[in-house]
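Work through the exercises below with the sequence and the model side by side. Try each task before you read its solution.

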Amino acid sequence: MNTQIQPVLTIADLDCTPDDGNKYELIEGEIYMSRAPSLTHQITLQNFLMALGSYLTNNPIGIVVPGPGVMFDDFNGVIPDIVFFTNERRAEIASGDWLNGAPDLVVEIISPGAENERRDRVLKRRVYGRFGVKEYWLVDLVNRSVEVCRLGEEGLELAATFVGEDEMTSSVLPDFRMKLTDLFRL
């Protein structure tokens, strides 16, 4: 029996690769590539950014950033669709060109495909929970829903699912409200 062991990659390995225009993430030492997101994905992202930006204008408690590099350790570096971190945590995690530590909130808009769904629902959720992301929003474009996971004793646990005409709320963003009909307005 011939058993082949896959080498574990590091952020340093990823930094040595030439830039080919694709988006690469390192999750538990394994590399994942993503293609350019769909127009629906980007419009949904923009709708989120506009709502979060408006909220933060009236409640200047932190900063929201689309698509930053987030480095957790040598084996985990991801590019979430949106992150939020409080003003208090900014000095702790936002130094240099990337975030080095867990944002308070991460938003992932699930791209079509079983592998993308597995990556966001299982792998990233596990990594985000292990490193202390307080809240994780999974946006399902197909079902037009948002699952909100909150950090608990066992990692990120499903706290709420918003669908239809529900109004989203957040434990990380006090008094934040967003109607799903506004989020999925294309």
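## Exercise 1: the hairpin

Strand 11 (residues 145-152) and strand 12 run antiparallel, joined by eight bridges. Strands here are DSSP runs of E with at least two residues, and helices are runs of H or I with at least four, numbered from the N terminus. This is a predicted model: local features need pLDDT of at least 70, side-chain atom pairs count only at pLDDT 80 or more, and totals for chains, interfaces and linings use all residues. Residues are numbered from 1 along each chain as its sequence is written, and side-chain values use heavy atoms, with hydrogens and water left out.

**Task.** Find which residues stand opposite each other in strand 11 and strand 12.

**Solution.**
1. Start with the connection: strand 11 and strand 12 form a hairpin with two residues between them.
2. Leu151 has Leu156 of strand 12 as its bridge partner.
3. Ser145 faces Val163, also in strand 12.

## Exercise 2: the sheet

**Task.** State in what order the six strands lie in the open sheet, and which stand at the edges.

**Solution.**
1. The order is 3-6-9-10-11-12, with mixed pairing. Two strands pair if DSSP finds at least two bridges between them.
2. Strand 3 (62-66) and strand 12 (155-163) stand at the edges; each has a single partner strand, so one side of each lacks a neighbour in the sheet.
3. On average, neighbouring strands are turned by 15° against each other, direction ignored.

**Task.** Name the strands that helix 2 and helix 4 touch.

**Solution.**
1. Contact means heavy atoms within 4.5 Å. Axes are lines fitted to C-alpha atoms, for helices over the stretch in contact, and angles run from 0 to 180 degrees between N-to-C directions.
2. Helix 2 packs on strand 3, strand 6 (82-86), strand 9 and strand 10 (135-140), and its direction makes about 165° with that of strand 3.
3. Helix 4 lies across strand 9, strand 10, strand 11 and strand 12, at about 170° to strand 9.

## Exercise 3: the largest pocket

**Task.** Describe the largest pocket by its volume and its lining.

**Solution.**
1. On a 1 Å grid over the protein atoms alone, a pocket is an open set of points where a 1.4 Å probe fits, with protein on both sides within 12 Å along at least five of seven lines; lining residues have an atom within 4 Å of a point.
2. The volume is about 430 Å³, taken as the space filled by probe spheres set on the points, which are joined across faces, edges and corners.
3. The lining has 26 residues; Lys23, Ser34, Arg35, His41 and Ser111 lie nearest the centre.
4. Elements giving two or more residues are strand 1 (23-27), strand 2 (30-34), helix 2 (39-58), strand 9 (105-110) and helix 4 (114-131).
5. Helix 4 gives the largest share, four residues.

## Exercise 4: an aromatic pair

**Task.** Classify the ring pair of Phe72 and Phe131.

**Solution.**
1. Rings of Phe, Tyr and Trp (its six-membered ring) pair if their centres lie within 6.5 Å; planes under 30 degrees apart are stacked, over 60 edge-to-face, the rest tilted.
2. By this rule there are six aromatic pairs.
3. Phe72 and Phe131 are stacked, at 5.0 Å centre to centre and 20° between the planes.
4. Phe72 is in strand 4 (residues 70-73) and Phe131 in helix 4, 59 residues apart.
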